[in-house]
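Subject: Handover of a structure and notes on its contents

Dear colleague,

Please find below the structure that I am handing over to you. I should be grateful if you would read the notes beneath with the coordinates open.

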Amino acid sequence: TDAGQTQRVAARFALVAAAGELATRAGPTGWSSGESERAAAQLFGDWIAARGTRGDAEALAALRQVAALLGQHAESYFPWWHRGADDHRPNAPKRWGFRRRVDDDGNEIVVGADDKTPNEQQAEKIAAKFYILVSAWRGEICAGFDPRYVAGVLHRRGHLVAESDKAGARFDRNERLPGIGHSRCYVVQPSIFEDSAL
């Protein structure tokens, strides 16, 4: 089925077509019956072609923004989970959350606090689950978008781990974060970087 945005635009084109047909019947347009509908259908088709997708453009923009920010700032703002409370290494100067290593099946890898943080070359080969603080989710990750809308987009695409999958459930989760304790956060799977829409 078409996404909400496409349906709204289609409804507007249908309204214009109906208004054109009514005007045609009243006489002032000089058009033949059905011409307004054909023109609206052509314009809607052109709009679809210009977008390049029938999906929700806003949802794709939100998805791309989250993936880009996580990829760009992983090293700077997301210390590794097992080093989150490390006294010997300065934490991220502007921490947005934490990264936790996962295996190919998405299972979290238990790593000791004394294990070395992977260097850049190693880090590129390690999949990571992101635990994003609520303040960073709202202020940085979702800048320009409704944070709940973005969470819903990621959840529907299988990239966000919600507190539960029940209707109306929260998208953020209560987690025990290193050096912070129990806190609500958004948990994003590494699958976001493999989404076909990127």
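The notes that follow go from the whole chain to its sheet, its helices and a few individual residues.

**Overall picture**

Please bear in mind that this is a predicted model. The mean pLDDT of the chain is 82, and 81% of the residues reach at least 70. Residues 119–123 fall below a pLDDT of 50, and this stretch makes 3 contacts in the model beyond near neighbours in sequence. Where pLDDT is low, the predicted coordinates should not be read in detail.

The chain holds 6 helices and 5 strands, arranged from the N terminus in the order α-α-α-β-α-β-α-α-β-β-β. It has 198 residues, of which 39% count as buried. If one takes the contacts between residues at least 6 apart in sequence, 59% of them join residues at least 24 apart.

**Strands**

Strand β2, residues 127–133, has pairings with two other strands described here: β1 and β5. With β1 (residues 97–102) the pairing is antiparallel and comprises 6 bridges; within it, Arg101 stands opposite Ala128 of β2. With β5 (residues 181–188) β2 is again antiparallel, through 4 bridges, and here Phe130 faces Val188 of β5. Strand β2 is mostly covered, with 6 of its 7 residues buried.

Strand β5 also pairs with β4, in the antiparallel sense and over 5 bridges. These two strands form a hairpin with 3 residues between them, in which Gly179 adopts a positive phi near 75 degrees.

Which residue of β5 stands opposite Glu175? The partner is Ser183. Glu175 itself belongs to strand β4, residues 173–177. Its relative accessible area is 16%, below the 20% limit, and Glu175 therefore counts as buried. Apart from neighbours within four places in sequence, Glu175 contacts Tyr131, Gly181, His182, Ser183, Cys185 and Val187.

**The loop between β3 and β4**

Two residues of this loop may be of interest to you. Glu163 is located in the loop between β3 and β4, and at 38% relative accessibility it is partly exposed. Once neighbours within four places in sequence are set aside, Glu163 has contacts with Arg170, Phe171, Asp172, Arg173, Asn174 and Arg184. The C-alpha atoms of Glu163 and Val187 are 9.4 Å apart, with 24 residues separating the two in sequence.

Ala169 is found in the loop between β3 and β4 as well. With a relative accessible area of 16%, Ala169 is buried. Outside the four places on either side in sequence, Ala169 is in contact with Arg148 and Ser164.

**Helices**

How do helix α3 (residues 57–77) and helix α6 (residues 147–156) pack, and at what angle? Their axes are 10 Å apart and meet at an angle of about 90 degrees; since angles of 65 to 115 degrees count as roughly perpendicular, α3 and α6 are therefore roughly perpendicular to each other. On the α3 side the contact is made by Glu58, Ala59, Ala62, Leu63 and Val66, and on the α6 side by Tyr149, Val150, Val153 and Leu154. By class, this contact of α3 with α6 has 8 nonpolar residues, no polar residues and 1 charged residue.

Val150, a residue of helix α6, is buried at 0% relative accessibility. Not counting residues up to four places away in sequence, Val150 touches Ala62, Val66, Trp137, Cys142 and Phe145. Val150 and Gln65 lie 85 residues apart in sequence, while their C-alpha atoms are 9.8 Å apart in space.

Helix α5, residues 134–141, has Val134, Ala136, Trp137 and Ile141 as its buried residues. These buried residues pack against α3, β2, α6, β3 (160–161) and β5. Trp137, one of them, is also among the residues touched by Val150 of α6.

**Points to carry forward**

To restate the main points: β2 pairs antiparallel with β1 and with β5, and β5 pairs antiparallel with β4. Helices α3 and α6 pack at about 90 degrees, and the buried residues of α5 pack against both helices and strands, including α3, α6, β2 and β5. In residues 119–123 the pLDDT is below 50.

With kind regards

Methods:
Residues are numbered from 1 along each chain as its sequence is written. This is a predicted model: local features need pLDDT of at least 70, side-chain atom pairs count only at pLDDT 80 or more; totals for chains, interfaces and linings use all residues. Side-chain values use heavy atoms; hydrogens and water are left out. Buried means under 20% relative accessible area, exposed over 50%, partly exposed in between (1.4 Å probe, protein chains only). Two strands pair if DSSP finds at least two bridges between them. Axes are lines fitted to C-alpha atoms, for helices over the stretch in contact, and angles run from 0 to 180 degrees between N-to-C directions. Angles under 35 degrees count as roughly parallel, over 145 as roughly antiparallel, 65 to 115 as roughly perpendicular and the rest as oblique. Contact means heavy atoms within 4.5 Å. Ala, Val, Leu, Ile, Met, Phe, Trp, Tyr, Cys and Pro count as nonpolar, Asp, Glu, Lys and Arg as charged, and the others, Gly among them, as polar. pLDDT is the predictor's confidence in each residue, from 0 to 100.
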